[in-house]
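Hi,

Here's the structure I said I'd pass on. Have a look at it first, and then read my notes underneath.

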Amino acid sequence: MEKAKVYFTKELTPEAVVRMYEALQIALPGKVAVKVHSGEAGNQNYLRPKFMEQMIGHVNGTVVECNTAYGGERNTTDKHKKLMEAHGWAKYFKVDLLDGEGPDLKLEIPNGKVLKENYVGKNIVDYDSLLVLSHFKGHPMGGFGGAIKQLSIGIASTAGKCLIHSGGAVDDQNTVWSHTAQQEVFCEAMADAAGSVVEYFEGKAAYINVMCNLSVDCDCCAVAEDPCMADIGILSSLDPVALDKACMDLIRQSTDPGRDHFLERVTSRHGEHTIDAAAKLGYGTKEYELIEL
């Protein structure tokens with residue numbers, strides 16, 4: 001596989017997000033699903049809707065999310081809709097909870113290392129293309145959260161999230177936390193699930209990672225650590241694997257005093273194993289050319 005192109009700017013503005021998308025030279029066709037992280041109630045680090053407004057408007061996209069599999073304000077459709085309103089997403093954009101109603105869509109993963117199927121919100125069939133707008137940061141379970149996490153846990157339905165966390169053992173949120181998979185199995189399950197979504201939108205997806213508010217905790221945490229590193233910038237690619245790899249390389253190359261704390265979170269959770277597993281599945285590469293704009 002030839003090197004992927006990953007674009008990078010140190011500028012962190014709404015206009016820069018649009019420029020990073022335009023650098024990809026892709027016109028996402030038809031109705032565009034824009035995957036964001038809505039941010040758990042109480043979280044201080046999530047990217048605000050206003051920051052994304054120009055980008056989402058640029059593709060005339062619909063903000064999409066899925067319900068969670070743990071306690072909080074996003075684990076039922078009613079609560080999640082109220083939070084999307086409270087956090088301002090519904091004020092600026094059309095919003096669609098993909099698994100808000102009805103049966104899930106099952107995506108087959110014939111070559112999956114751990115999972116042979118992935119459950120996503122059935123409303124995904126209403127969209128022709130996908131833009132993944134990720135806030136790159138740490139994560140208490142995955143080590144870090146970027147494009148691959150958004151493609152896997154982010155787009156999985158509640159049942160799909162349970163399958164990923166349990167390594168395919170259960171799809172029920174009442175039992176999943178007593179069936180959690182070994183860490184590397186969990187990472188491989190994320191890679192499997194992400195690959196099924198990449199395949200579903202093959203050739204009609206783009207990925208942007210925003211490296212700011214670099215906490216070791218995810219936006220899913222109601223109580224999250226404050227950022228431990230200075231902001232780095234925005235990256236974009238048509239390859240989600242290369243994109244996440246480039247972000248982790250920028251973390252490792254950083255001289256920021258908070259770098260080691262961030263890396264401890266990633267390494268203690270075997271986070272980069274997700275990138276390795278995704279590359280082995282073949283829907284992306286760890287080899288990339290970083291093009292600074």
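Below is what I found, starting with the sheet and moving out to the helices.

One thing before the details: this is a predicted model.

**The sheet**

There's an open sheet of 8 strands with mixed pairing, and the order across it is S4-S3-S2-S7-S10-S11-S1-S12. Strand S4 (95-97) and strand S12 (288-292) are the edges; each has a single partner strand, so one side of each has no neighbour in the sheet. On average, neighbouring strands are turned by 25° against each other, ignoring direction.

The mix of directions shows up around S10. S7 and S10 run parallel and are joined by 6 bridges, with Val132 partnered by Tyr207 in S10. On to S11, and S10 runs antiparallel to it over 5 bridges; here Val210 sits opposite Ile234. S1 and S11 are antiparallel too, with 4 bridges between them, and Phe8 stands opposite Leu235.

How buried is S11? All of it: 5 of its 5 residues are buried, so the strand is largely enclosed by the rest of the structure. Gly233, Leu235 and Ser237 point one way, while Ile234 and Ser236 point the other way. That fits the usual picture, in which side chains of a regular strand alternate between the two faces of the sheet.

Phe8 is worth a click while you're there. It lies in strand S1 and counts as buried at 5% relative accessibility, the cut-off being under 20%. Leaving out residues up to four places away in sequence, Phe8 touches Met20, Ile232, Gly233, Ile234, Leu235, Leu250, Leu290, Ile291, Glu292 and Leu293. Asn43, on the other hand, is 35 residues from Phe8 in sequence and 27 Å from it in space, C-alpha to C-alpha.

**The cores**

The largest nonpolar core has 49 residues, and Leu130, Phe136, Leu235 and Ile251 have the most contacts inside it. Strands S1 (4-9), S7 (129-135) and S10 (205-211) each give two or more residues to this core, as do helices H5 (147-154), H7 (183-200), H8 (240-253), H9 (259-268) and H10 (272-281). The top contributor is H8, with 8 residues. Another core, of 32 residues, lies apart from that one and includes Val17, Leu28, Val32 and Leu131.

To get a feel for the first core, centre on Ile251. Not counting residues up to four places away in sequence, Ile251 touches Phe136, Met211, Leu214, Met229, Ile232, Arg259, Phe262 and Leu263.

**Helices on the sheet**

Helix H1 (residues 14-22) packs on the sheet, touching S1, S7, S10 and strand S11 (233-237), and its direction makes about 25° with that of S11. H5 also packs on the sheet, where it touches strand S2 (32-35), strand S3 (62-65), S7 and S10; its direction makes about 115° with that of S7.

Gln150 is found in H5, and at 4% relative accessibility it counts as buried. Setting aside neighbours within four places in sequence, Gln150 is in contact with Lys35, Val36, His37, Val132, Leu133, Ser134 and Ile155.

In helix H2 (residues 49-58), the buried residues are Pro49, Phe51, Met52, Met55 and Ile56. They fall within an arc of 135° seen down the axis, so they line one face of the helix. Their cover includes H1, S2, S3, helix H4 (89-92), S7 and S10. Just after H2, Asn60 takes a positive phi of about 50°.

**H5 and H6**

Which residues of H6 are buried? Thr158, Ala159, Gly160, Lys161, Cys162, Leu163, Ile164 and His165, which is 8 of the 8 in this helix (residues 158-165). They pack against strand S6 (117-120), H5 and H7.

The axes of H5 and H6 come within 9 Å and cross at roughly 115°. Ser152, Ile153 and Gly154 in H5 meet Lys161, Ile164 and His165 in H6, and the residues of this contact divide into 2 nonpolar, 3 polar and 1 charged. Just after H6, Gly167 has a positive phi of about 65°.

Cheers

How values were computed
Residues are numbered from 1 along each chain as its sequence is written. This is a predicted model: local features need pLDDT of at least 70, side-chain atom pairs count only at pLDDT 80 or more; totals for chains, interfaces and linings use all residues. Side-chain values use heavy atoms; hydrogens and water are left out. A nonpolar core is a set of buried Ala, Val, Leu, Ile, Met, Phe, Trp, Tyr and Cys residues joined through side-chain atoms within 4.5 Å. Buried means under 20% relative accessible area, exposed over 50%, partly exposed in between (1.4 Å probe, protein chains only). Contact means heavy atoms within 4.5 Å. Two strands pair if DSSP finds at least two bridges between them. Axes are lines fitted to C-alpha atoms, for helices over the stretch in contact, and angles run from 0 to 180 degrees between N-to-C directions. Ala, Val, Leu, Ile, Met, Phe, Trp, Tyr, Cys and Pro count as nonpolar, Asp, Glu, Lys and Arg as charged, and the others, Gly among them, as polar. The arc is that of the directions from the helix axis to the C-beta atoms.
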